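Hi everyone, thanks for making time. I'd like to walk you through one model today, so let me put it up on the screen.

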Amino acid sequence: MGAEVTKQQFTGEDRVRFRRQVGRGTEAIARMLADGLFTDQGRPPRPLLGMEVELNLVDEHMRPSMANAEVLEAIADPDYQTELGQFNIEINVAPRPFTTDDTISLEDALRRSLNRAEERASQTSSHLVMIGMLPTLKAEHFAHHWISANPRYDLLNEQIFAARGEDLEIDISGMPLTERHDPEHLHTSTDSILPEAACTSLQLHLRVAPEDFAAHWNAAQAIAGVQVAIAGNSPFLAETALWHESRIPVFEQATDTRPLELKNQGVRPRVWFGERWINTIFDLFEENTRYFPALLPVSTDIDPLAELEAGRTPALDELRLHNGTVYRWNRPVYDVVDGHAHLRVENRVLPAGPTVVDTMANAAFYYGVVRGLFEAERPLWSQMSFNAAAENLQSGARSGFESQLYWPNVGWVRPDELVLRRLLELAEQGLTSYGLSEKARARYLGVIEGRCVSRQSGSVWQRHAVAAREKAGESRAEALNGMLRDYVTHMHEGEPVHTWEV
């Protein structure tokens with residue numbers, strides 16, 4: 001959800017003070033790295049699995065339910081929080097040990113929590129849907145008055161539009177629904193950032209030793225295209241068939257503070273894959289400071305360097321707030337727990353859903369492959385260009401299993417072939433290194449294997465289901481509604497998406 005912000009108007013002096021504070025925070029990070037002041041420095045932390053899952057709300061007719069305040073009151077669980085749109089909520093899953101059978105225990109706990117939340121939400125005539133993009137969302141649902149009541153969101157909306165000086169445009173050419181269909185095109189404009197709320201994700205947190213951060217971040221960047229290609233679950237928006245993982249282009253456009261002139265000048269977007277492999281986490285915070293002006297310049301009077309001099313761990317409030325408004329697909333996270341600082345990689349490329357077991361499988365695959373790449377004798381990122389990794393993300397998001405991805409020593413390859421031939425074994429090695437039990441490894445990697453053998457992700461199933469309904473004579477609106485109703489039934493039954501029938 002992000003830090004709470006209450007200040008409503010900013011002056012030039014506020015921005016200068018905030019920039020100075022972010023700069024001093026960046027310098028504090030550099031000193032802490034040099035002086036070994038991070039908790040995990042020199043000794044990798046105990047493996048923990050932490051995640052955030054964003055959820056959509058629908059009514060009895062599968063339409064967006066603008067009732068998150070009422071739903072959260074009914075759920076009455078601090079693990080569930082508000083999100084940008086009134087049709088969103090989020091569950092924060094407390095970190096659990098990533099060893100033996102602990103992941104299976106986490107899976108069971110997550111399922112129980114979601115079932116309990118669904119039961120309580122249903123008492124308000126709303127229902128939870130774990131999906132990357134709600135297919136019944138229309139352009140009319142992006143009106144400003146559907147932003148959640150939290151002041152942070154309205155202020156963020158105001159600042160993004162102040163920076164742009166014009167309405168947001170969503171302009172995406174889609175992939176043909178079937179071989180017999182022509183590509184569809186979505187072009188709409190809006191006076192709010194609510195298209196961002198259409199992008200509901202699974203966010204995975206990996207705590208790492210500072211000296212190992214760069215390798216883990218580089219590994220996460222390298223596999224982003226594979227992740228979205230085999231786990232796409234966001235094919236429809238505003239009754240239009242778009243990409244297999246349409247969250248990627250929609251999110252990029254929905255938070256773009258640049259008018260056309262600044263795009264043409266090469267100004268970097270706030271939703272950013274990056275432009276290079278890194279050597280230290282300092283590289284990322286330094287880029288944030290250098291390239292991105294503040295959106296929410298709320299400052300404290302605490303000097304982070306003075307805190308260091310006094311022997312205290314600085315909170316770095318300004319740096320963390322600024323970092324939260326630079327939307328990297330793999331984001332660096334600085335955090336302080338019980339007075340001790342640590343670092344995390346936050347992986348943000350995956351969609352929510354379709355089921356709890358699919359979610360856990362996506363997480364296990366990510367953690368396993370990243371660990372396998374980290375432990376490899378030769379870094380993968382020394383064998384491929386950064387641009388190749390960035391192009392893989394776009395290709396995987398656009399075409400899913402039909403995409404062609406570049407991989408060192410393989411060349412151009414379909415994602416399912418790459419996973420089956422190379423990455424499942426690498427994930428197995430990584431999960432074994434973490435200490436995951438054979439039972440857990442087989443459960444989650446078996447789901448990934450089944451998905452790649454069948455070549456059916458959530459996106460593939462959604463597209464096939466809508467195409468079948470339209471062939472039977474339904475309109476696009478009817479097909480999307482009926483498909484979503486079937487999706488929700490399958491989601492509650494809990495079998496992995498590769499086993500779903502159309």
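I'll go through some strands, a short helix beside them, and then a group of helix packings. One thing up front: this is a predicted model.

Okay, strands. Take S1, residues 48-58, and S3, residues 88-97: they're paired antiparallel, with eight bridges between them. If you want a spot to find on screen, look at Met 51, whose bridge partner in S3 is Val 93. S3 also pairs with S2, residues 80-82, again antiparallel, this time through three bridges. Over there Thr 82 sits opposite Ile 89 of S3. And how many residues does the hairpin use to get from S2 to S3? Five.

Now scroll back a little to H2, which covers residues 68-75. Which residues of H2 are buried? That would be Asn 68, Val 71, Leu 72 and Ile 75. Those four span an arc of only 100° around the axis, so they end up on the same side of H2. If you like the textbook version, an α-helix has 3.6 residues a turn, so residues three or four places apart point the same way. Turn to the face pointing away from that buried side, and you'll find Ala 69 and Glu 73, both exposed. So what do the buried ones pack against? S1, S2 and S3, plus helix H3, 102-122. Oh, and right after H2 ends, Ala 76 has a positive phi, about 50°.

Let's move on to the helices further along. H5 is residues 213-231 and H11 is residues 356-375; their axes are 9 Å apart, and the packing angle is about 140°. H5 and H11 are therefore oblique to each other, and H5 makes a right-handed crossing with H11. On the H5 side the contacts include Ala 215, Ala 219, Ile 223 and Val 226, and on the H11 side they include Phe 365, Tyr 366, Val 369 and Leu 373.

H11 has a second neighbour to show you, H14, residues 438-454: here the axes come within 8 Å and cross at roughly 95°. That makes H11 roughly perpendicular to H14. Among the H11 residues meeting H14 are Val 357, Met 360, Ala 361 and Ala 364, and from H14 you get, among them, Tyr 444, Leu 445, Val 447 and Ile 448.

Last thing to click on: Asn 362 and Phe 365 of H11. Both are in the set that meets H5, and both are in the set that meets H14. That's what I've got, thanks.

Terms used
Residues numbered from 1 in each chain as written. Predicted model: local features only at pLDDT ≥ 70, side-chain atom pairs only at ≥ 80, totals over all residues. Heavy atoms only, no water. Pairing = 2+ DSSP bridges. Helix = DSSP H or I, 4+ residues; strand = E, 2+ residues; numbered from the N terminus. Buried < 20%, exposed > 50% of the residue type's maximum accessible area, 1.4 Å probe, protein only. Arc of directions from axis to C-beta. Contact = heavy atoms within 4.5 Å. Axes fitted to C-alpha atoms, helices over the stretch in contact; angles between N-to-C directions. Parallel < 35°, antiparallel > 145°, perpendicular 65-115°, else oblique. Left-handed = near helix turned anticlockwise from the far one by under 90°.
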